Number of protein chains: 10
Amino acid sequence: MLYHISMTVKLPKDMDETTATGIKAREKAYSQDLQRSGVWRHLWRVTGQYENISIFDCRDNEHLHEVLTGLPLYPYMEMKITPLNRHPSSIHEGDQ
Amino acid sequence: MLYHISMTVKLPKDMDETTATGIKAREKAYSQDLQRSGVWRHLWRVTGQYENISIFDCRDNEHLHEVLTGLPLYPYMEMKITPLNRHPSSIHEGDQ
Amino acid sequence: MLYHISMTVKLPKDMDETTATGIKAREKAYSQDLQRSGVWRHLWRVTGQYENISIFDCRDNEHLHEVLTGLPLYPYMEMKITPLNRHPSSIHEGDQ
Amino acid sequence: MLYHISMTVKLPKDMDETTATGIKAREKAYSQDLQRSGVWRHLWRVTGQYENISIFDCRDNEHLHEVLTGLPLYPYMEMKITPLNRHPSSIHEGDQ
Amino acid sequence: MLYHISMTVKLPKDMDETTATGIKAREKAYSQDLQRSGVWRHLWRVTGQYENISIFDCRDNEHLHEVLTGLPLYPYMEMKITPLNRHPSSIHEGDQ
Amino acid sequence: MLYHISMTVKLPKDMDETTATGIKAREKAYSQDLQRSGVWRHLWRVTGQYENISIFDCRDNEHLHEVLTGLPLYPYMEMKITPLNRHPSSIHEGDQ
Amino acid sequence: MLYHISMTVKLPKDMDETTATGIKAREKAYSQDLQRSGVWRHLWRVTGQYENISIFDCRDNEHLHEVLTGLPLYPYMEMKITPLNRHPSSIHEGDQ
Amino acid sequence: MLYHISMTVKLPKDMDETTATGIKAREKAYSQDLQRSGVWRHLWRVTGQYENISIFDCRDNEHLHEVLTGLPLYPYMEMKITPLNRHPSSIHEGDQ
Amino acid sequence: MLYHISMTVKLPKDMDETTATGIKAREKAYSQDLQRSGVWRHLWRVTGQYENISIFDCRDNEHLHEVLTGLPLYPYMEMKITPLNRHPSSIHEGDQ
Amino acid sequence: MLYHISMTVKLPKDMDETTATGIKAREKAYSQDLQRSGVWRHLWRVTGQYENISIFDCRDNEHLHEVLTGLPLYPYMEMKITPLNRHPSSIHEGDQ
């Protein structure tokens, strides 16, 4: 089941460099695990912003919640979540 | 080059059934041609709304404008357009 | 799987009485069928407004979309859809 | 008498772990007491957010105010309160 | 129990004079009955606008809903409803 | 001359308890003096919020400004001010 | 007593030319009478918009309401009204 | 050439008294110089707010920018700037 | 003196084809005259929207108002006008 | 390919003078390099605000992202990015 997620990251201006680098590295590893397992289906960066747009494929709302709140950057993110359906005009097998 | 597009459709309440059916059929054919040619990369419906979320792959802004204004439903749509980049953490080959 | 839905109804001011009465009667019957089958779990009216707040229990996003777009009043409604999870502090068996 | 409440929690980023854990434990106990007594009728979590949606059953506005301002997390919450009525199409005995 | 209500009236520009005058007369009579019975506790006009601000004293949310939807101008009004409490610093006996 | 005022209070989270208690006590005394003198005509609390709704009766805009900026909590308040008129349908002598 | 008023005019697109010309002429005469009598203290046009910004000097809120609702274009205007005070740094005698 | 400016002042809560008093005194002197020279044509306070509404008469946009950014309180202000024209119905010589 | 203008065009859905074509042709001619004379310095289309972004070079606010209200499409446009200054870091001679 | 960018700068109030001066100098040098190379096509200041409006000419979205995130002031900016097209009525060779 698909969800459209936009995530905007707001790191505190006074977070020290080492802490920031560490969180970002863990975020990248976590994200790539989820991409490999098929849960994080698409991931794009919004041009010029510290924001991404993603498509998640989860079993249900509980699964999505667990995955999102596990993000190392989660405490610094604002999220907008939109449930998606297959579009009747889509011919792409993956759009579901 | 990728763009994220959300399209909300507002057909006039007094549009007659035949006209509406005709426009929607032309819209579907137009959309599927663009999907086959690789321009309309993804197409999802927003759950419970007369709205879709799409990813377009165009040569440049001119190409995108031409494609969008050619939509049979274009006069009845509100659009929000967001330029996208490949995300440095993405491992999906298609996310670019 | 639960969803929180708010529905605001805007009937055209010039809809004739008979048509309006007919749609509302079909809406009521449709709603009560869904309540009996367990899909429409809760239904409240917002005080002083032509608006309701509801909890739906659906198999997935596709199921929810099908149920909502089948509402006789759907063409005259604005909807806001929010996916829900069981809350870890809830002790009510039904809140899931 | 029913009220629809949405609560968004914003803990200060610099609140120390022990204090946060303590407040959350007291919040959970307080919430479950109110659920057992029938005042806090429903409690759901909004998927992916630090936010809940609840239905309260109170004697009147004074009762509701007293209950909400007694929440241990109250100083860190933004609330939206909506009075509810029984919906004439509802067949659920509990929706009132 | 008190509620703060703001009502903005938007009569259709093409409503004929006689109809408009009739509705307004019925609205005034209805309003003054409720004022006499103590339900409509205060009624002010917002300077320069076709809008009023009112305080209602009702038994509960059901009572308020019934009273508001009975207004002859109700189909042409936008309403904002805010539940009120006695303020601990108030010395006015009537502010409850 | 009447004005409708809504005041939302936002005390800094790090204000120490003694300072806060002192300001609130002075605010209460100041408010009750103004209520006794007839300037602060009505005072209600918004249910569940740290916000009040009030009706002031002042000689003119200068008088209102002087009274509001004298509030001990003024530096921590957001205010919305709306001039009011007697409503032609009001039968309450005090609503002017 | 001074008020700052912004007025935006929205004439219906289908109003016939003669009616529009007539209303505008009456509006101009009405406005100039009020300017001569000192009530309409200042009147400017917002560059590029069908909107004006004005300063009114009225005895009280009742007077302002009467003057504004008497505008021939009043049914086609949106208004924003802001009470003003003399500024303690002003040296202009007329700014009060 | 005229401009309508609204300025809202937000001094940091922790600015010490002496600094604040100093800035405000310099602001007042600066403002009165500009009023004497005819640049700052009108200056009013918005009732109950730490905000003013002003009319500036400048040679051009460059001149306005220079004057505004020279305000001692400029770093603590939010500004809204609206270019103005003489209104064809105005009879006041100064409204240009 | 420069101004940044965004213009969004909303033609009535029921405007007949001939009228629309005529207005658009007059708009194009008018626009190109102003471009040749140096007043309409830049003109771009917003990708995917019936909206343009322009830079105007006018003697003053009066000149700008006269030019904008003379646009054949003016009655169907929403405008946002922002005064501009030369930027101290600009090295482009034309950016003033 | 052209993009319209508005940048609003919000330096922390407690940034020390030397740091601020250093960043601004690097920003100016960086901006002028991009102007010389033809990437930063136009740069204007918004009158009275710490904000600029710019036109960028980039090969694609990736190029734009790289250029914007390289701005020394980038961490303190809010950006709004709008893709542009040549307007069919433009006669300026450079407007593409």
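This is a walk through some of the chains above, their strands and the places where they touch. Keep in mind that you are looking at a predicted model.

Let's begin with chain A and chain B. Here 31 residues of chain A are in contact with 31 residues of chain B. Putting the two chains together buries about 2800 Å², and carbon and sulfur atoms give 59% of that area. On the chain A side, the residues that lose the most area to chain B are A:Trp44, A:Arg45 and A:His87, which together make up 22% of what that side buries.

What kind of contacts cross this interface? There are 23 residue pairs in polar contact between chain A and chain B, while the number of salt bridges is zero. Several elements of chain A give two or more residues to the side that touches chain B: strand E1 (2-9), helix H1 (17-36), strand E2 (40-46), strand E3 (51-57) and strand E4 (77-86). Which of them gives the most? It is E2(A), with seven residues. Sorted by class, this side of chain A has eleven nonpolar, 14 polar and six charged residues.

Now look at how strands from the two chains line up. E4(A) pairs with strand E2 (residues 40-46) of chain B in the antiparallel sense, over three bridges. To find this pairing in the picture, look for A:Asn85, whose bridge partner in E2(B) is B:Arg45. There is also a pairing between E2(A) and E4(B), again antiparallel and over three bridges. In that one, A:Trp44 has B:Arg86 of E4(B) as its bridge partner. You have met A:Trp44 already, among the residues of chain A that lose the most area to chain B.

Stay with strand E4 of chain B for a moment. This strand, residues 77-86, is mostly covered, with seven of its ten residues buried. Besides its pairing with E2(A), E4(B) has a partner within chain B: seven bridges join it to strand E1 (residues 2-9), and the two run antiparallel. One pair to look for is B:Ser6 and its bridge partner in E4(B), B:Lys80.

Next, try zooming in on two single residues of chain A. Is A:Asn61, which lies in helix H2 (residues 61-69) of chain A, buried or exposed? A:Asn61 counts as buried because its relative accessible area is 1%, and the cut-off for buried is under 20%. Its neighbors come from more than one chain: leaving out residues up to four places away in sequence, A:Asn61 touches A:Met1 and A:Tyr3, then C:Met1, C:Leu2, C:Tyr3, C:Pro83, C:Leu84 and C:Asn85, and also D:Thr47. With A:Tyr3, the side chain of A:Asn61 makes a polar contact, side chain to side chain, at 2.6 Å.

The other residue is A:Pro12, in the loop between E1 and H1 of chain A. A:Pro12 counts as partly exposed, since its relative accessibility is 28%. Try finding A:Arg36 as well: A:Pro12 and A:Arg36 are 24 residues apart in sequence, and their C-alpha atoms are 30 Å apart in space.

Let's move on to chain H, starting with its strand E3 (residues 51-57). E3(H) is mostly covered, as five of its seven residues are buried. Strand E1 (residues 2-9) of chain H is joined to E3(H) by seven bridges, and these strands run antiparallel. In this pairing, H:His4 stands opposite H:Ile55. Strand E2 (residues 40-46) of chain H also pairs with E3(H), antiparallel and over five bridges, and there H:Trp44 stands opposite H:Ile53. E2(H) and E3(H) form a hairpin with four residues between the strands, where H:Gly48 takes a positive phi near 80°.

H:Gly48 turns up again where chain H meets chain F. This contact takes seven residues from chain H and nine residues from chain F. H:Gly48, H:Lys13 and H:Thr47 lose the most area to chain F, together 71% of what the chain H side buries. The area buried between the two chains is about 640 Å², with 54% from carbon and sulfur atoms. Five residue pairs are in polar contact across this interface, and the salt bridge count is zero.

Finally, some chains do not meet. Chain B and chain E have no contact, and their closest C-alpha atoms lie 18 Å apart. Chain F and chain I do not touch either, with their nearest C-alpha atoms 27 Å apart.

Methods: Residues numbered from 1 in each chain as written. Chains lettered and ligands numbered in written order. Predicted model: local features only at pLDDT ≥ 70, side-chain atom pairs only at ≥ 80, totals over all residues. Heavy atoms only, no water. Contact = heavy atoms within 4.5 Å. Buried area = accessible area lost by both parts, 1.4 Å probe. Salt bridge = Lys/Arg side-chain N within 4 Å of Asp/Glu carboxyl O. Polar contact = N/O pair within 3.5 Å; in protein donor to acceptor, adjacent residues only side chain to side chain. Nonpolar A, V, L, I, M, F, W, Y, C, P; charged D, E, K, R; others polar. Pairing = 2+ DSSP bridges. Buried < 20%, exposed > 50% of the residue type's maximum accessible area, 1.4 Å probe, protein only.
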